[in-house]
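I opened a new notebook page for this protein. I want to look up a handful of things and write each one down.

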Amino acid sequence: LAKASGYPLSGYEKIDHPVQQEIFKFIADFTAVSPEKIKIGIDGCGVPVFAVPLKNGALAFAKLSRPDLFSGKLKEAVETVV
């Protein structure tokens, strides 16, 4: 994502890097959780992980079964994942 978006590759694993901020915004949108309610931790790989309530995580997975809910590149991505 960093390379494709023209962001610096250095520090991509840090929460304040544009890559992590894009991921964070997408997680908030896709799970329907406001950003201030998402917990952020670091797993064994050193990159941020985002914790959302189980029902919202399930909602995100349910959305993957409905590519018709999306358009453009996001629809293509959901269809590819499915």
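My entries below go from the whole chain to single residues.

**Entry 1: the whole chain**

I note first that this is a predicted model. I looked up the elements of the protein and found four helices and two strands. Reading from the N terminus, I wrote their order as α-α-β-β-α-α.

Next I checked the dimensions. The C-alpha atoms fill a box of roughly 35 × 30 × 20 Å along the principal axes. I then looked at burial: of the 82 residues, 23% count as buried. I also looked at contacts between residues at least 6 apart in sequence. Of these, 29% join residues at least 24 apart.

**Entry 2: helix α2**

I picked helix α2, which covers residues 18-31. Does its length agree with its number of residues, or disagree? I took 1.5 Å a residue, so the 14 residues of α2 should span 20 Å. The C-alpha atoms at its ends are 20 Å apart, so the two values agree.

Which residues of α2 are buried? I listed V19, Q20, F24, A28, F30 and T31. Then I looked for what covers these buried residues. The cover includes α1 (2-5) and α3 (54-63). It also includes the strands β1 (39-42) and β2 (48-51).

**Entry 3: α2 against α3**

I looked at how α2 and α3 meet. Their axes come within 8 Å and cross at roughly 85°. An angle of 65 to 115 degrees counts as roughly perpendicular, so α2 and α3 are roughly perpendicular to each other. On the α2 side, the contact is made by D29, F30 and T31. On the α3 side, I found N56, L59, A60 and K63. I sorted the residues of this contact by kind: three are nonpolar, two polar and two charged.

**Entry 4: T31**

T31 belongs to α2, and I wanted a closer look. Is T31 buried or exposed? Its relative accessible area is 5%. Buried means under 20%, so T31 is buried.

What does T31 touch beyond its neighbours within four places in sequence? I found V52, N56, L59 and A60. I also looked at its side chain. A polar atom there lies 2.6 Å from the backbone oxygen of I27.

**Entry 5: A32**

I moved on to A32, which follows α2. A32 sits in the loop between α2 and β1. Its phi is near 60°, a positive value in a residue other than glycine. I stopped at this, because most residues other than glycine have a negative phi. I checked burial too. A32 has a relative accessible area of 52%, so it is exposed. The cut-off for exposed is over 50%.

**Entry 6: P53**

I found P53 in the loop between β2 and α3. Its relative accessibility is 41%, so P53 counts as partly exposed. I then compared sequence with space for P53 and I38. They are 15 residues apart along the chain, and 8.5 Å separates their C-alpha atoms.

**Entry 7: D68**

D68 lies in the loop between α3 and α4. What does the side chain of D68 make a polar contact with? I found the side chain of R66, at 2.7 Å. I also looked up D68 and G44, which are 24 residues apart along the chain. Their C-alpha atoms are separated by 36 Å.

**Entry 8: V78 and V81 in α4**

My last helix was α4, residues 72-81, where I found V78. The relative accessible area of V78 is 3%, so V78 is buried. Leaving out residues up to four places away in sequence, V78 touches K63, L64, P67 and F70. I also looked up V78 and V49, which are 29 residues apart in sequence. From C-alpha to C-alpha, they are 21 Å apart in space.

V81 is in α4 as well. Is V81 buried or exposed? At 58% relative accessibility, V81 counts as exposed. For the last lookup I took V81 and S71, which are 10 residues apart along the chain. Their C-alpha atoms are separated by 15 Å.

Conventions
Residues numbered from 1 in each chain as written. Predicted model: local features only at pLDDT ≥ 70, side-chain atom pairs only at ≥ 80, totals over all residues. Heavy atoms only, no water. Buried < 20%, exposed > 50% of the residue type's maximum accessible area, 1.4 Å probe, protein only. Polar contact = N/O pair within 3.5 Å; in protein donor to acceptor, adjacent residues only side chain to side chain. Contact = heavy atoms within 4.5 Å. Expected span 1.5 Å × (residues − 1). Axes fitted to C-alpha atoms, helices over the stretch in contact; angles between N-to-C directions. Parallel < 35°, antiparallel > 145°, perpendicular 65-115°, else oblique. Nonpolar A, V, L, I, M, F, W, Y, C, P; charged D, E, K, R; others polar.
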